[in-house]
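Subject: Structure handover

Hello,

Here is the structure for you to look through. Please open it next to this message and find each residue as you read.

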Amino acid sequence: MESTGIVFTASGGQGVITTAIILARAATIFEGKNAIQSQSYGAAARGGATRADILISDGNLYYPKVESADVFVALMQEGYNKYAHLIRPGGLMIVDPRYVKPGNMNAKILELPMYDTVVKEIGKPIVYSVCVLGALIGATGICKPESAISVIQDAMPPAFFDMNKKALEIGITLGKEAA
């Protein structure tokens, strides 16, 4: 049984918990895999460091936390400083250089200007976390874009669907180009 462990960390309010939930649903509902998603955040849910873990596997999963991340996504320096040790040697790290300056790591580091690209292309940062999900999908192929789009269509208000779809596509392009 092979599983993939992903850790997201960001500032509370940046949407990584929602992003993790969308990915877990895409993997389970539309791709027939097993997934466990867990989250943690301090007393300052808005502005404090948040963490969302996802384990995705074709087999059974028995523990809800990622102890050695295959993929680590950091959208704030505080979260990076707190959780970067979780990435396994040779893993993939995705950071937004607007918010994170990574140190030397035994990992492949993709510095993707996700926030700036979303603001430039869409004009609003509200869909930043969906762009982050797209970048992860583009860089790793962890799920099919159509699976994530289906979850977004079901989970998000219809008035925001086109904007979310575009943000996902922007992220996929950034991730593919960098990988």
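Below are notes on helix packing, the cysteines and a few single residues.

Please keep in mind that the model is predicted.

Helix α3 with helix α4

Start with helix α3, residues 114-122, and helix α4, residues 128-140. Their axes come within 9 Å and cross at roughly 120°. Angles over 145 degrees would count as roughly antiparallel and 65 to 115 as roughly perpendicular, so α3 and α4 are oblique to each other. The crossing of α3 past α4 is right-handed.

Which residues meet here? From α3 come Met114, Tyr115 and Val118, and from α4 come Tyr128, Cys131, Val132 and Ala135. By type, the residues of this contact are seven nonpolar, no polar and no charged.

Helix α3 with helix α6

Helix α3 also packs against helix α6, which covers residues 161-178. The axes of α3 and α6 come within 10 Å and cross at roughly 135°. This pair, too, is therefore oblique, and the crossing is right-handed.

On the α3 side, the residues in contact are Met114, Thr117, Glu121 and Ile122. On the α6 side they are Met163, Lys166, Ala167, Ile170 and Leu174. The contact of α3 with α6 divides into six nonpolar residues, one polar and two charged. Met114 is worth finding in the display: Met114 meets residues of α4, and Met114 is also listed in the contact of α3 with α6.

The cysteines

How many disulfides does the structure hold? It holds zero. A disulfide would need two cysteine sulfur atoms within 2.5 Å. For Cys131, the nearest cysteine sulfur belongs to Cys143 and is 15 Å away, and Cys131 is in no disulfide. Cys143 is likewise in no disulfide, its nearest cysteine sulfur being that of Cys131 at 15 Å.

Are these two cysteines buried or exposed? Cys131 has a relative accessible area of 0%, so Cys131 is buried. Cys143 has 5% relative accessibility and therefore counts as buried as well. Cys131 has already appeared above, as one of the α4 residues that meet α3.

Two residues in strand β3

Strand β3 runs over residues 49-57, and Thr50 lies in it. Thr50 has a relative accessible area of 4%, so Thr50 is buried. In sequence, Thr50 and Gly13 are 37 residues apart, while their C-alpha atoms are 8.8 Å apart in space.

Ser57 is found in β3 too. With 2% relative accessibility, Ser57 counts as buried. Ser57 and Ser3 are 54 residues apart along the chain, yet 4.3 Å separates their C-alpha atoms.

A residue in a loop

Where is Gly103? Gly103 sits in the loop between β5 (87-95) and β6 (107-111). At 33% relative accessibility, Gly103 counts as partly exposed, because that label covers values between 20% and 50%. Leaving aside neighbours within four places in sequence, Gly103 is in contact with Tyr80 and Ile109. The C-alpha atoms of Gly103 and Ala35 are 30 Å apart, and the two residues are 68 residues apart along the chain.

Regards

Key:
Residues are numbered from 1 along each chain as its sequence is written. This is a predicted model: local features need pLDDT of at least 70, side-chain atom pairs count only at pLDDT 80 or more; totals for chains, interfaces and linings use all residues. Side-chain values use heavy atoms; hydrogens and water are left out. Buried means under 20% relative accessible area, exposed over 50%, partly exposed in between (1.4 Å probe, protein chains only). Axes are lines fitted to C-alpha atoms, for helices over the stretch in contact, and angles run from 0 to 180 degrees between N-to-C directions. Helices (H or I, at least four residues) and strands (E, at least two) are DSSP runs, numbered from the N terminus. Angles under 35 degrees count as roughly parallel, over 145 as roughly antiparallel, 65 to 115 as roughly perpendicular and the rest as oblique. A crossing is left-handed if the near helix is turned anticlockwise from the far one by less than a right angle, and right-handed if clockwise. Contact means heavy atoms within 4.5 Å. Ala, Val, Leu, Ile, Met, Phe, Trp, Tyr, Cys and Pro count as nonpolar, Asp, Glu, Lys and Arg as charged, and the others, Gly among them, as polar.
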